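Thanks for coming. I will walk through one model today, residue by residue in places, and then step back to the whole chain.

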Amino acid sequence: VQLQASGGGLVQAGGSLRLSCAASGRTFNNYVMGWFRQAPGKEREFVAVITESGGGTRYADSVKGRFTISRDNAKNTVYLEMNSLKPEDTAHYYCAAGYAYRVQSSHYPYWGQGTQVTVSS
């Protein structure tokens, strides 16, 4: 499966962004979809994950209550709605596809190129 993330940009603290990740190549609803992020000088970290049907979601504590992951299997797209953004949310955001409902990046064999999110204070 090929993944293409979009929707990043520069936003002020307290603002919102919606990231999208479009999938192509194989049956999208066969995959668990995750969002991860990596800030300069830091390791890649888990942000959110959603099950194949969209019925289950899980979030990192740092984004819980502010971010929402969703998917539209008819459009082969997963979304990350980000509200109340903070400067510490600044990172390159990646979408990933896998077969296990897990938070570790090693469980995701397919990755998009990512999109940059920058939150100014």
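Start with Tyr-31, which has a relative accessibility of 2% and therefore counts as buried, the limit being under 20%. Keep in mind throughout that this is a predicted model.

What is the relative accessible area of Tyr-110? The value is 22%, so Tyr-110 is partly exposed.

These two tyrosines belong together. By the rule used for rings, the count comes to 7 aromatic pairs. Tyr-31 and Tyr-110 form one of them, an edge-to-face pair with 5.8 Å from centre to centre and 85° between the planes. The pair links distant parts of the chain, 79 residues apart. Tyr-31 sits in the loop between strand E3 (17-24) and strand E4 (32-38), and Tyr-110 is in strand E10, residues 110-111.

The next pair is Phe-36 with Phe-46. Their ring centres are 5.9 Å apart and their planes stand at 70°, so this pair is edge-to-face as well. Phe-36 lies in strand E4 and Phe-46 in strand E5, residues 45-50, so the pair ties together parts that are 10 residues apart in sequence. Are these two phenylalanines buried or exposed? Both Phe-36 and Phe-46 are buried. They also belong to a cluster: ring pairs link Phe-36, Phe-46, Tyr-94, Tyr-108 and Trp-111.

Now two aliphatic residues. Leu-19 is in strand E3. Its relative accessibility is 0%, so Leu-19 counts as buried. Not counting residues up to four places away in sequence, Leu-19 touches a list of residues that includes Ser-6, Gly-7 and Gly-8, then Trp-35, and further along Val-78, Tyr-79, Leu-80 and Met-82. Also among its contacts are Tyr-93, Thr-115 and Val-117. For Ser-6 we also have a C-alpha distance: 5.8 Å from Leu-19, with their positions 13 residues apart along the chain.

Ile-69 is in strand E7. With a relative accessible area of 4%, Ile-69 is buried. Which residues does Ile-69 contact, leaving aside neighbours within four places in sequence? They include Met-33 and Trp-35, the run Ala-48, Val-49 and Ile-50, then Thr-57 and Tyr-59, and also Val-78, Tyr-79 and Leu-80. You will have heard some of those names already: Trp-35, Val-78, Tyr-79 and Leu-80 are in the contact lists of both Leu-19 and Ile-69. Between Ile-69 and Leu-19 themselves, the C-alpha atoms are separated by 9.4 Å, and the two residues are 50 residues apart along the chain.

On to the loops. Asn-76 lies in the loop between strand E7 (67-72) and strand E8 (77-82). Asn-76 is not a glycine, yet its phi is positive, about 55°. At 27% relative accessibility, Asn-76 counts as partly exposed.

Ser-84 is in the loop between E8 and strand E9 (91-98). Its phi is near 50°, again a positive value in a residue other than glycine. Ser-84 counts as partly exposed, at 42% relative accessibility.

Thr-90 is found in the loop between E8 and E9. Its relative accessibility is 21%, so Thr-90 counts as partly exposed. Apart from neighbours within four places in sequence, Thr-90 is in contact with Ala-39 and with Gln-116, Val-117, Thr-118 and Val-119. Measuring from C-alpha to C-alpha in the model, Thr-90 and Ser-24 are 27 Å apart in space, and they are 66 residues apart in sequence.

Now the whole chain. How many helices and strands are there? The protein chain has 0 helices and 11 strands. Its radius of gyration is 13 Å, close to the 14 Å that the globule rule gives for 121 residues, so the chain is as compact as a globular protein of that length. Along its principal axes, the C-alpha trace spans about 40 × 25 × 25 Å.

Buried residues make up 44% of the 121 residues. Of the contacts with a separation of 6 or more, 56% are between residues 24 or more positions apart. The chain exposes about 6,000 Å², and carbon and sulfur atoms supply 45% of that.

Last, charge. The protein chain has 12 positive and 8 negative charges, and their mean positions are 3 Å apart.

That is the tour.

Notes:
Residues numbered from 1 in each chain as written. Predicted model: local features only at pLDDT ≥ 70, side-chain atom pairs only at ≥ 80, totals over all residues. Heavy atoms only, no water. Helix = DSSP H or I, 4+ residues; strand = E, 2+ residues; numbered from the N terminus. Rg over C-alpha atoms; globule rule 2.2 N^0.38 Å. Buried < 20%, exposed > 50% of the residue type's maximum accessible area, 1.4 Å probe, protein only. Contact = heavy atoms within 4.5 Å. Areas by Shrake-Rupley, 256 points an atom, 1.4 Å probe, with all protein chains shown as cover. Lys, Arg positive; Asp, Glu negative; His and termini not counted. Charge placed at Lys NZ, Arg CZ, Asp CG, Glu CD. Phe/Tyr/Trp six-rings, centres within 6.5 Å; stacked < 30°, edge-to-face > 60°.
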